[in-house]
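These are my notebook entries on one structure. I record what I looked up, entry by entry.

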Amino acid sequence: MATSSPITIYFIALFVASSITSTMLAISVPPELTDNLHTDSGAIKLASIDYGRIIKEKPFAVLYPSSLDDIRTLINLSYSSSFPYTIAAKGQAHSTWGQAQANKGVVVQMSSLNSFRNGTGILISGDRSSGFYADVGGEQLWIDVLNATLARGLSPVSWTDYLYLTIGGTLSNAGISGQTYRKGPQITNVLELDVLTGKGEFVTCTSQKDTELFYAVLGGLGQFGIITRARIVLEPAKERVKWLRILYSDFSSFSTDQETLISTTGPSHKVMPDYLEGQLLMSQSPLDFYPQSQHQKITSLINQYGIVYLIEVATYYDNKNEDKRVKQMLKSLKGFVHGFVFEKDVTYLEFLNRVHDEEIVLRKKGLWDIPHPWLNIFIPRSRITDFDNGAFRNILLKRNFTSSTVLVYPLLRSKWDERMSAVIPDEEDVFYVVGFLDASADDWETFDNRNKDILQFCVNGGIKFKQYLGHHATKEEWINHFGSKWNTFQQSKARFDPKMILSPGQRIFNN
Ligand code: FAD
């Protein structure tokens, strides 16, 4: 043994305990690594919870890396062992189904790289003619990227609704929001990646160099390597945002107008918003966005129709001319309820960071750190009306799930890159994101059972949906999820993480 420190002995004892034989393992843990490996109950507890607060898997140890080499050493140690242990990079653990956990393995607390970066975690380069970009550590938060780039009058182009997520975490999924229909998901706005593979090799990859790794990692659920740096596309930032909510009493008008707004060929394409999403308003939905004086009128509309659908759009601007775009955009819409258009004018930062305001409120009420049985699915456009009838009306409304936060908005397949690991529905040009974003302190199973019923409704009705940020119980379900991408996905796994060390919490290869 390289050291006889208590941590090393404990760590190795745990390896022995985890192995199927009682053979002593000849693992030599270098002292510089053991200093950063924590096995105390506090560290273990923190690494075994996530935002979902449903799955709780205990790792043996947590690595707080003080350099990228620490992570490489940890991977090498596992890779070269005859009893490899699993390793999960943990961004902020904002996953909801244990995806950043490592049962009896080691969790890497990526945020501790911040001190190693010493302020160099976000570096901005480029110029007007060739374009701007930021080189960002995989552990960095999108909110910090926004603040750093805004200080230079720049901004990433594609976002998630919430910004306290890490670069490595969202790029392992896709990273979607209201900008995705125009700019593509975050994974399509990456120029270069540094990746530490499951064989402990550092690789810099792009769409031209080491392409298999590049495309595998983007949307790759952490299966092929740990992202230690991503080069993110930037554009000049606007200063202000017109933020609108437009209410509809029927689904058909709502979805028709959403599709008009995202159309790249229709008459309104010149006034396309910079951001487009949609939501359901039901009897228990919060009405904070709207002026108090309008609450009564909105509540009456909800009472009349059961579900009111809202289109949320935003246009960015830095001069008053942009007001015209909002007026023209509204003219292109056919079916909203007259008198039910609500507008706010906020800074670009306030708009992008809007969910953080909700977080502050929920934290104060003790409603943030509670179970989140979330379900996010992509539904092909041709079946979205059936989904409205079957899921929104017959399940949500009939069973009185009227406090649920439900997002629904269309995306364009042309903005996704088929070569990347992220999965979207086959064939159709337009598909809808539907997110059931529930939280429940004491009864998450009820919501989870309802979600299962929604999935079953889709299966029974032949709706070819795909889950996003999802979890699947068996390998067969994962194979079905990846569909035609499965062969490539598993070949890349065999090439870059042949011992199946990385991100075991996804339960794809470690079921
Ligand atoms: P983690 O949960 O820590 O990790 C996610 C997965 O990636 C794990 O498998 C982990 O092992 C792996 N991983 C983490 N870091 C790395 C790395 N550096 N390299 C390789 N693999 C890594 N998503 C959207 O797309 N759009 C949204 O609008 C959106 N809104 C959200 C709002 C809230 C309030 C929350 C809590 C989540 C939201 N998400 C959204 C989901 C979010 O994208 C996922 O939780 C995602 O996993 C990022 O979270 P994280 O950075 O904490 O990653």
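Entry 1. Leucine 469

In which loop does leucine 469 lie? I traced the chain and found leucine 469 in the loop between strand E18 (466–467) and helix H17 (475–482). I note at the outset that the model is predicted. I then looked up the backbone of leucine 469, and its phi is positive, about 60°, although the residue is not a glycine. Its relative accessible area is 32%. Leucine 469 is therefore partly exposed, since that class runs between 20% and 50%.

Entry 2. Lysine 104

I looked up a further residue with positive phi. Lysine 104 has a phi near 60°, and lysine 104 is likewise a residue other than glycine. I located lysine 104 in the loop between strand E3 and strand E4 (106–109).

Entry 3. The ligand

How many residues surround the ligand? I found 33, and the closest are Ala89, Gly91, Ser95, Thr166 and Tyr468. Sorted by class, this shell holds 14 nonpolar, 17 polar and 2 charged residues. I also looked up which elements contribute to the shell: strand E3 (87–90), helix H7 (167–171) and strand E10 (225–236) each supply at least two of its residues.

I then listed polar atoms beside the oxygen atoms of the ligand. An N or O atom in the side chain of serine 95 is 2.5 Å from a ligand oxygen. For threonine 166, the distance from a side-chain N or O atom to an oxygen of the ligand is 2.6 Å. Asparagine 173 places a polar side-chain atom 3.1 Å from a ligand oxygen. Taken alone, the ligand exposes 950 Å², and the protein buries 96% of that area.

Entry 4. Helix H6

Which residues of helix H6 are buried? In this helix, residues 142–150, I recorded Trp142, Ile143, Val145, Leu146 and Thr149 as buried. Seen down the axis of H6, these buried residues fall within an arc of 160°, so they line one face of the helix. I added a general remark to help me read this: an α-helix has 3.6 residues a turn, so residues three or four places apart point the same way. I next looked up what covers the buried residues of H6. The cover includes strand E5 (122–127), strand E6 (131–137) and strand E7 (154–156), together with H7, E10 and helix H13 (348–352). H7 and E10 appeared in my ligand entry too, as suppliers of shell residues.

Entry 5. Tyrosine 432

Is tyrosine 432 buried or exposed? Its relative accessible area is 0%, so I entered tyrosine 432 as buried. Tyrosine 432 belongs to strand E17 (residues 430–436). Not counting residues up to four places away in sequence, tyrosine 432 touches several residues, including Ser255, Gln258, Ile377, Val408 and Pro410. Glutamate 259 is also on that list, and a polar contact of 2.6 Å joins the side chains of tyrosine 432 and glutamate 259. Phenylalanine 378 is another residue touched. Tyrosine 432 and phenylalanine 378 are 54 residues apart along the chain, and their C-alpha atoms are separated by 5.4 Å.

Entry 6. Proline 380

I found proline 380 in strand E15 (residues 375–380). Proline 380 counts as buried because its relative accessibility is 6%, under the 20% limit. Leaving aside neighbours within four places in sequence, I listed its contacts as Pro425, Glu428, Val430, Phe431, Ile463, Lys464 and Phe465. I also looked up one separation: the C-alpha atoms of proline 380 and tyrosine 79 are 41 Å from each other, with their positions 301 residues apart along the chain.

Entry 7. Serine 48

Serine 48 lies in the loop between helix H3 (41–47) and strand E2 (61–63). Serine 48 is buried, with a relative accessible area of 6%. Its side chain has a polar atom 2.7 Å from the backbone oxygen of isoleucine 44. The backbone oxygen of lysine 45 is 3.0 Å from a polar atom of the serine 48 side chain. Beyond four places in sequence, serine 48 is in contact with residues among them Ile55, Pro59 and Gln101.

Entry 8. Methionine 500

Where does methionine 500 lie? I found methionine 500 in the segment after helix H18 (486–496). Methionine 500 is partly exposed, at 32% relative accessibility. Its contacts, sequence neighbours within four places left aside, are Thr86, Lys493, Phe509 and Asn510. Methionine 500 and threonine 86 are 414 residues apart along the chain, yet their C-alpha atoms are separated by 7.4 Å.

Terms used: Residues numbered from 1 in each chain as written. Predicted model: local features only at pLDDT ≥ 70, side-chain atom pairs only at ≥ 80, totals over all residues. Heavy atoms only, no water. Near = heavy atom within 4 Å. Polar contact = N/O pair within 3.5 Å; in protein donor to acceptor, adjacent residues only side chain to side chain. Areas by Shrake-Rupley, 256 points an atom, 1.4 Å probe, with all protein chains shown as cover. Helix = DSSP H or I, 4+ residues; strand = E, 2+ residues; numbered from the N terminus. Nonpolar A, V, L, I, M, F, W, Y, C, P; charged D, E, K, R; others polar. Buried < 20%, exposed > 50% of the residue type's maximum accessible area, 1.4 Å probe, protein only. Arc of directions from axis to C-beta. Contact = heavy atoms within 4.5 Å.
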